[in-house]
Amino acid sequence: MIQIASPILPPATLGMLGGGQLGRFFVLAAHEMGYQVWVLDPDPASPAGKAADRHLCVAYDDQAALDEIASQCAAVTTEFENVPAATLKYLARSVPVRPNADAVAICQNRVAEKTFLRDNGIPHAAFASIERLEDLRTVEAALFPGILKVARFGYDGKGQARVANREEAMAAFQAFNNEACVLEQMLKLDYEVSVVLARDEHGACKCFPVAENQHARGILDISVAPARASVCQRDSAQEIAERLAEKLGYIGTLGVEFFVSRGELYVNEMAPRPHNSGHYTVDACVTSQYEQQVRALCGLPLGDARAHSAAVMVNLLGDAWFDEAGNCREPDWARLFAVPGLKLHLYGKHEARPGRKMGHYTVIDADPQKAFDAAMAVRAALGIKDE
Ligand code: ATP
Ligand code: MG
C-alpha cells in the first residue's frame with residue numbers, strides 16, 4: 001500500500017470514485033479547503049461530476065481513466081460502496097486509496113459483512129447465508145419471521161423481502177433470481193441509530209453525535225441529532241463503531257447503522273463512506289463528515305466533530321415534486337427559505353422520480369424540540385406524508 005509521506009495540501013488534486021450526492025458534498029468541502037477534485041462516474045448527469053474540476057464519464061474499470069487518475073491525483077477515495085474492489089486495488093498500486101479495498105469489499109457484500117461482525121464479536125441480528133435454494137430448507141426456524149436481503153447491490157430497501165416462513169423465503173429467493181442472500185431474523189425495533197465517524201492514518205478516531213433515524217418505505221426519512229437514546233446507549237454505539245473501524249484498518253469517514261431492540265444495540269450495516277444520516281454535520285457540526293473525509297484522505301489531523309446545535313434532517317424524495325393529481329412541479333421552496341434555521345440542499349438532479357433522493361434540509365436550533373417541530377411543520381407543508 002502507498003503511504004503518504006507528508007500531508008497532501010492544497011491545491012493538490014483528489015480523486016473521487018462515484019458521483020452521487022455524497023460525492024458532491026465531498027467536492028464542495030474539498031473546494032472550500034482549496035483542493036481540486038476529479039470525479040469518475042459513468043452517469044453524464046452525475047451530481048458530483050457537475051461540481052468537479054473534471055468529470056471522467058466512463059465505466060469504473062476504464063483502464064485509461066484509472067491510469068490518468070493514478071498519475072494526476074494525489075489520493076483517491078470513494079462515495080459509493082459498489083465501486084469494484086478490483087478498481088480500488090488497481091489504483092492502490094500507485095496512489096493512496098482510502099478507505100482500503102478490503103474494507104470496502106466487506107461492506108459491499110452482506111454475507112462478508114455479517115460474517116465479519118460475527119467473527120469480531122460485534123452484536124448483530126441472527127442470520128444465515130443463503131447460497132442456494134436448498135439452504136432455505138435447513139435454516140433454523142428461529143430466523144422466521146425474517147428479512148431476505150440480496151448480498152450485493154441492495155440499497156434503500158431494494159433487494160429485500162420480508163418473509164414469514166420458509167415457503168415465502170423460497171419464493172422470494174427465486175424472485176431474486178437465486179442470487180446469494182442473507183436471511184436475517186426480523187427484530188422488533190425500539191428505534192434505529194447511526195454513528196458516523198472519521199479515522200485517520202494513525203488510528204485516531206472522532207465520532208459525530210449519534211443520530212436517530214426514521215425510515216419510510218425502506219428509505220431514510222428523518223435523522224435527529226443528538227439521538228434521543230440514553231447517554232449510555234450512545235456511548236456504546238460509538239464504542240462499537242470505533243472498534244469496527246479499527247478492525248477494518250479503516251481510514252476515512254465510516255457510517256455504522258444500528259438497530260435498538262429491547263434496549264440492546266445490534267449493528268445493521270456499515271457504509272464505507274459518508275452516510276445520509278450524517279448530512280446534518282454540514283450545518284450543525286464544527287467539521288462536517290465530508291471535511292473529515294478530505295482530512296483523513298490527505299493525512300491531515302481530524303477536525304473537531306462536536307455539534308454546535310441540535311439538528312433535524314429531512315430527506316427530500318422525488319415524491320415531493322408531484323402534486324395530489326400526480327403532476328410534476330417544484331415544491332414550495334419559499335416556504336422553506338422562510339424558516340431562519342433551515343438549510344436547504346438540492347443535489348442538482350434534473351429528473352424527479354418517486355423514491356429518488358433529490359435533496360434534504362436540516363433545521364438547526366439550540367433546542368432539539370424546536371428544531372424537530374419546525375422540521376416537521378415544513379415536512380407537512382411540502383405534503384410529505386407519514387407512513
Ligand atoms: P439503506 O440504503 O437505506 O441503508 P438498505 O437497502 O441497505 O437500506 P437495510 O439497512 O438492511 O437496507 O434495511 C433497511 C431498513 O429495513 C432498516 O433501516 C430497518 O428499518 C429495516 N430492517 C432491515 N433489517 C431488519 C431486521 N433484521 N429487523 C427489523 N427491521 C429491519
Ligand atoms: Mg441501511
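**A walk through the model, from a loop to the ligand**

At 44% relative accessibility, Asn178 counts as partly exposed, because that label covers values between the 20% limit for buried and the 50% limit for exposed. Keep in mind as you look around that this is a predicted model. Asn178 sits in the loop that runs between α8 (166–175) and β8. Its backbone deserves a glance too: phi of Asn178 is near 60 degrees, a positive value in a residue other than glycine. Most residues other than glycine have a negative phi, and most peptide bonds are trans.

A second residue of this kind is Arg217, which has a positive phi of about 50 degrees although it is not a glycine. You will find Arg217 in the loop between β11 (211–216) and β12. With a relative accessible area of 55%, Arg217 is exposed, because that value is over the 50% limit.

Peptide bonds come next. A cis bond joins Pro10 and Pro11, with omega at about 5 degrees. Pro11 belongs to the segment that comes before β1 (13–17). Further along, the bond from Ala225 to Pro226 is also cis, and its omega is near 5 degrees. Here the proline lies in a loop: Pro226 is found between β12 (219–225) and α9 (231–247).

Now step back to the overall layout. The domain assignment divides the protein chain into domain 1 (13–97), domain 2 (126–185) and domain 3 (191–381). Between domain 1 and domain 3, the C-alpha centres are 23 Å apart. These two domains touch each other, with 20 residues of domain 1 in contact with 23 residues of domain 3.

Let us move on to the stretch around α5. Arg98 is in the loop between α4 and α5, and it is buried at 5% relative accessibility, because the value is under the 20% limit. What does the side chain of Arg98 reach? It reaches the backbone oxygen of Leu297, at 3.2 Å. A little further on, Asn100 caps the N-terminal end of α5, placing a side-chain oxygen 3.1 Å from the backbone nitrogen of Asp102.

Helix α5 (residues 101–108) is itself mostly covered, as 6 of its 8 residues are buried. The buried ones are Ala101, Ala103, Val104, Ile106, Cys107 and Gln108. What do they pack against? Their partners are β4 (75–78), α4 (85–92), α6 and β14.

Helix α6 (residues 110–119) is where you find Arg110. This arginine is buried, with a relative accessible area of 8%. Leaving aside residues up to four places away in sequence, Arg110 touches Lys149, Val150, Ala151, Gly154, Gln160, Val182 and Glu269. Lys149 is 39 residues away from Arg110 along the chain, and their C-alpha atoms are separated by 8.0 Å.

Lys149 also leads us to ligand 1. Of the 20 residues around the ligand, Lys149, Gly157, Gln160, Glu192 and Glu269 come nearest. Three of these, Lys149, Gln160 and Glu269, appear among the contacts of Arg110 as well. A polar side-chain atom of Lys149 lies 2.7 Å from an oxygen atom of ligand 1. Gln160 likewise places a polar side-chain atom 2.7 Å from an oxygen atom of the ligand. Gln185 uses its backbone instead, with an N or O atom 2.9 Å from a nitrogen atom of ligand 1. Overall, the protein covers 92% of the 610 Å² of accessible area that ligand 1 has on its own.

Which strands build this shell? At least two residues each come from β6 (146–150), β7 (160–163), β8 (181–185), β13 (252–261) and β14 (264–271). By class, the shell has 6 nonpolar, 6 polar and 8 charged residues. And where does ligand 1 lie with respect to the domains? Domain 2 and domain 3 both give residues to its shell, so the ligand lies between them. Here the walk ties up with earlier stops: β8, which follows the loop holding Asn178, supplies shell residues, and β14, one of the elements that the buried residues of α5 pack against, does so too.

Methods: Residues are numbered from 1 along each chain as its sequence is written. Chains are lettered from A and ligands numbered from 1 in the order in which they are written. This is a predicted model: local features need pLDDT of at least 70, side-chain atom pairs count only at pLDDT 80 or more; totals for chains, interfaces and linings use all residues. Side-chain values use heavy atoms; hydrogens and water are left out. A residue is near a molecule or strand if one of its heavy atoms lies within 4 Å of it. A polar contact is a pair of N or O atoms within 3.5 Å; within protein, one must be able to donate a hydrogen and the other to accept it, and residues adjacent in sequence count only if both atoms are side-chain atoms. Accessible areas come from the Shrake-Rupley method with a 1.4 Å probe; for residues, only the protein chains shown count as cover. Helices (H or I, at least four residues) and strands (E, at least two) are DSSP runs, numbered from the N terminus. Ala, Val, Leu, Ile, Met, Phe, Trp, Tyr, Cys and Pro count as nonpolar, Asp, Glu, Lys and Arg as charged, and the others, Gly among them, as polar. Domain bounds come from an automatic or database domain assignment. Buried means under 20% relative accessible area, exposed over 50%, partly exposed in between (1.4 Å probe, protein chains only). Contact means heavy atoms within 4.5 Å.
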